[in-house]
Amino acid sequence: MSAENIKTETAPQGGEKICKAVHQYSKGKISRENMDVLMEIGHGCMVAKNYIYQRYGGIKSLVKVYSGYEVDSEVRSAGFREKIGLPSVYFSASVSRALADIKIMWAQVKNGINDAVSRNERFSSEDRHYIRFVLKTDVCYWNILNRKSAPLPEKIQPAYEKVIAELGGESEQRVKNLNRYICRQTRKKLHRQHTDNGLRFTIKKQGYRYGELDGKHGIFLATKINRQRIFIPLTDTNVYDRMLDISLNPQKKSIEIIIPIFVNTRQHEDYAGELGISLGLWDMITTSTGNVYGSSFGKMQQEISRFILEKNYRKETENASDTQKYQARKEKMDAALRNYVNMEINRMLEQEKPKTVYMAKLPRNSGMHTAGQRDVRQLTKGTGDTHLLRMWKKGYVTERLQWKCQKNGIKIVEVIGRQIGRECSACGQTGYTHGEKFKCPICGFEENKKVNGARNALNRGKNGKHINKKWSSDRSGR
């Protein structure tokens, strides 16, 4: 499908617009010469991104990465662009993308530390407030990681001194201990980024133009040769003027163009309720109202899993046409599953009409993996097809759910998921599951285990047991 014909967009303001990706596709097969040119550009962009990852992905560059102009100037002055022979329209875009990846990595590191702080009962509310203040203040965070005693900016210093004062007696030793904790957690969670993907790269709007050649509409892309562009026919006539992502498919001799655009969020006056949900391997979503959406989700995943396993056990004597048929069939099955996921999420939102959706964020531990394997054995009726668990499209479901909630002005909140399946949604005591049933030995309540989990998500959401808000006495919200 091609994108709607949108030429220009303004940046979102006040949360009224959100970014989505639309796609354009090349028409016909791209010549080998043009594909080689594009692959050479893709390789250069990959090298540029890895250079940025290596040079600016560590603790010494924490403050620098938030100033893209400073990094771009440093790299240009080092002459690295000329060394790899990459046009600036590709090089600058690669630098921007790499810096964005590094920022995302640092955000994940900080979120991971915040989660660890919330789970650590040894910390007082003042300790947590200090750590979260440091994580929000990049200059202070940089000083601690690099063991520097450099003065903070004047506008930050008073707030920092206030946080230190709240630590009370022996604040100096407590600060040292907390700083060591921050450093340990950062080393544990920080990782150097690297990419081996030379088939996807970004181009700035100065490096392309839409137009026609020999009666065909398409896009002219800059090459490494000055003032020389290659023409790629497209399947639609849409025109854009922003940075584009180019994805190459050498096997099919085609390209895909991914364009970010901003769209208005929808506002529904009749969406006013609160809803708890539970995600499942078999039934995709079960709600606190007792409804099930995506009841064929597990069956469709099972069919894909068995199809892949059947392919893996085939003899190696199959010819190329069989492989092409397999790829085509798998792509068709994957597309059907994605369409089904989107359709069922739309149906849920239209029927339940929630203003807020609560869902559990489950802890990662071996017990969960064992429980998942038990579910798989039940679903596959003793076939031992644990491949289905690895095929579980939970990440895709949550991504689409978050997107559709955001698009419809619905707030989605993750709540603490620990023991959510064993808690009775009626009385709050600990119960047990037997098959698909949850039973509470205290009050005698019985319900489907997924419905009970969804109701617990709703209850925890209403009671404020959100992620990073577990400690009600925290001062982090000041």
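**Exercise 1.** In this predicted model, work out which residues Tyr53 touches, leaving aside those up to four places away in sequence.

*Solution.* Start by finding the residue: Tyr53 sits in helix H1, which covers residues 32-56. Next, go through its contacts. Tyr53 touches Ala98, Asp101 and Ile102, and also Arg192, Gln193, His194 and Thr195. Now pick out Ala98 from that list and check the backbone: the C-alpha atoms of Tyr53 and Ala98 are 6.6 Å apart, although 45 residues separate the two along the chain.

**Exercise 2.** Decide whether Tyr53 is buried or exposed.

*Solution.* First, get the value: the relative accessibility of Tyr53 is 5%. Then hold that against the cut-off, where buried means under 20%. Tyr53 therefore counts as buried.

**Exercise 3.** Lay out the sheet that contains E13, E14 and E15, and say which strands are at its edges.

*Solution.* Begin with the order: this is an open sheet of 3 strands, running E13-E14-E15, with antiparallel pairing. The edges are E13 (432-434) and E15 (446-448), since each pairs on one side only. As for twist, expect an average of 30° from one strand to the next.

Now zoom in on one pair. E13 and E14 (residues 437-439) run antiparallel and share 3 bridges. To place one of them, take His434: its bridge partner in E14 is Lys437.

**Exercise 4.** Find which strands helix H14 lies across, and its angle to E15.

*Solution.* Locate the helix at residues 449-462. From there, follow H14 across E13, E14 and E15. Finally, compare directions: H14 runs at about 95° to E15.

Methods. Residues numbered from 1 in each chain as written. Predicted model: local features only at pLDDT ≥ 70, side-chain atom pairs only at ≥ 80, totals over all residues. Heavy atoms only, no water. Pairing = 2+ DSSP bridges. Helix = DSSP H or I, 4+ residues; strand = E, 2+ residues; numbered from the N terminus. Axes fitted to C-alpha atoms, helices over the stretch in contact; angles between N-to-C directions. Contact = heavy atoms within 4.5 Å. Buried < 20%, exposed > 50% of the residue type's maximum accessible area, 1.4 Å probe, protein only.
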